[in-house]
Amino acid sequence: MPAECSPPVKIRTGYDVLEADGYQALKGRKLGLIANPTSVDRQLRHIADRLHAAPGVNLKAIFGPEHGFRGSAQAGHSETKSIDPRTGIPVYDMYTLSGPKLDALLKSADIDLLVFDIQDIGARFYTYIWSMFDALAACARCGIAFMVLDRPNPITGLHPSGPTLDPAFSSFVGRVPLLLRHGMTVGELARLFNSRFVPQQAGRPARLSVIPITGWRRDLYQDETDLVWVPPSPNMPDVTTAIAYPGTCLFEGTTLSVGRGTASPFLTLGAPNLDATRWVDNLNNASLPGCLFREDWFTPGFKVAKDQLCHGLQLAITDRKSFDPLLTGVTLLQTVLKISDSPIWRKSGSTFDILAGSSTLRHQLSQGMSAPDITASWKTDEAEFALQRRPFLMY
């Protein structure tokens, strides 16, 4: 946990920097904004309202990603086109749009600069970065400039880890080769995407600018800063959940619930008729660093096992500095496979493979490979990615 006696580190987000400069970079532009409930200033005022009211700023269109501009939609859903009642500005649904459909949407909005300001959480399968990627490519094709107002990676900018996505498994939870935990900010990712991957899709890079954070260090968790946490999605209530998410979200590819609709999503896992007593005993015997497990009974309110009583566990992070979300996630999978009486893979494993970025992890688990051996098999991917991302780091 963060040291309670340490004062929060004061930082300024990209939006704070832009505002302090009087929005000079936006003057004279026809502006579009990709935003959601995390797109707020230091007083938790939404930046769409701030930009709309700012002299000389012409905000013409707002674009909502997964969960929508207002964040009212659950996982895998978005909000339909509407007019924002506070500003009168049209709000477009861009979730999953790419290629010609996204190009047509941006052209219809009559903008010449598209701004992205959304809080990411640092895992490859969180979809906001892929909305950003698709928008970057569309802007490159359409001749529209693209600006990222950077925000911290809430689980630190350290420890890039996990397997690299195999392009054969490209989807909206992973468009291009990227580690499962990338350890980058959205601004850094945009620079990497625009240099290495956007030209492959658009024939040229986009005209990209990134307004950087000031005061942030790569070793900081977001709750060690003076920023207020705004849930980036309905089942991401706090930083602790975000820390576990790169490992426990893999269970979205299984028949187990990840606790959606409970008080601790992604920290609560289980299923009806599961012998969680054995599961918890095996996990605590594994002596994983920085965490403990307890047996739990719960009733999910959404998706897998909705409204059914489940037997499972709660994951408690006791030392975030030593906790390894991917080692923990793989160990959770390895141990549940040993005690489960029925197959755990959804859609014969295809859903899990898309999340993992290839079929390799599922096959390693099915063959009984140990969790430490599995994570050790990623070392080459991790070393290569550390070199690839280095030119694009800003902090």
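A salt bridge here is a side-chain nitrogen of Lys or Arg within 4 Å of a carboxyl oxygen of Asp or Glu. Keep that handy for the exercises below. The model is predicted, so local features need pLDDT of at least 70 and side-chain atom pairs count only at pLDDT 80 or more, while totals for chains, interfaces and linings use all residues. Residues are numbered from 1 along each chain as its sequence is written, and side-chain values use heavy atoms, with hydrogens and water left out.

**Exercise 1. Find the salt bridge formed by Arg 320, then describe how domain 1 and domain 2 meet.**

Step 1: Start with the bounds, which come from an automatic or database domain assignment: domain 1 is 14-228 and domain 2 is 239-357.

Step 2: Look for the partner of Arg 320. That's Asp 223, with the closest N and O atoms 2.8 Å apart. Between the two domains the count is 1 salt bridge.

Step 3: Now check contacts (heavy atoms within 4.5 Å). Here 25 residues of domain 1 touch 18 residues of domain 2.

Step 4: Add the buried area, meaning the accessible area (1.4 Å probe) that two parts lose on being put together, summed over both. It comes to about 1800 Å², and carbon and sulfur atoms give 68% of that. Phe 125, Phe 169 and Tyr 221 supply 30% of what domain 1 buries against domain 2, more than any other three residues.

**Exercise 2. Work out why helix 5 counts as largely enclosed.**

Step 1: Get the terms straight. Helices (H or I, at least four residues) and strands (E, at least two) are DSSP runs, numbered from the N terminus. Buried means under 20% relative accessible area, exposed over 50%, and partly exposed in between (1.4 Å probe, protein chains only).

Step 2: Count along residues 186-196. Of the 11 residues in helix 5, 8 are buried, so the rest of the structure largely encloses it. Among them are Val 186, Leu 189 and Phe 193.

Step 3: See what does the covering. The list includes strand 5 (113-116), helix 4 (128-142) and helix 13 (379-389).

Step 4: Pick out Glu 188 in helix 5. Its salt-bridge partner is Arg 218, at 2.7 Å between the closest N and O atoms. The two sit 30 residues apart, with Arg 218 in the loop between strand 9 and helix 7. Both are buried.

**Exercise 3. Is Glu 382 buried or exposed, and what about Lys 379?**

Step 1: Locate the pair. Both lie in helix 13, 3 residues apart, about one turn of the helix.

Step 2: Check the link: their side chains meet in a salt bridge (3.8 Å, N to O).

Step 3: Compare with the cut-offs. Glu 382 is buried at 13% relative accessible area, whereas Lys 379 is exposed at 52%.
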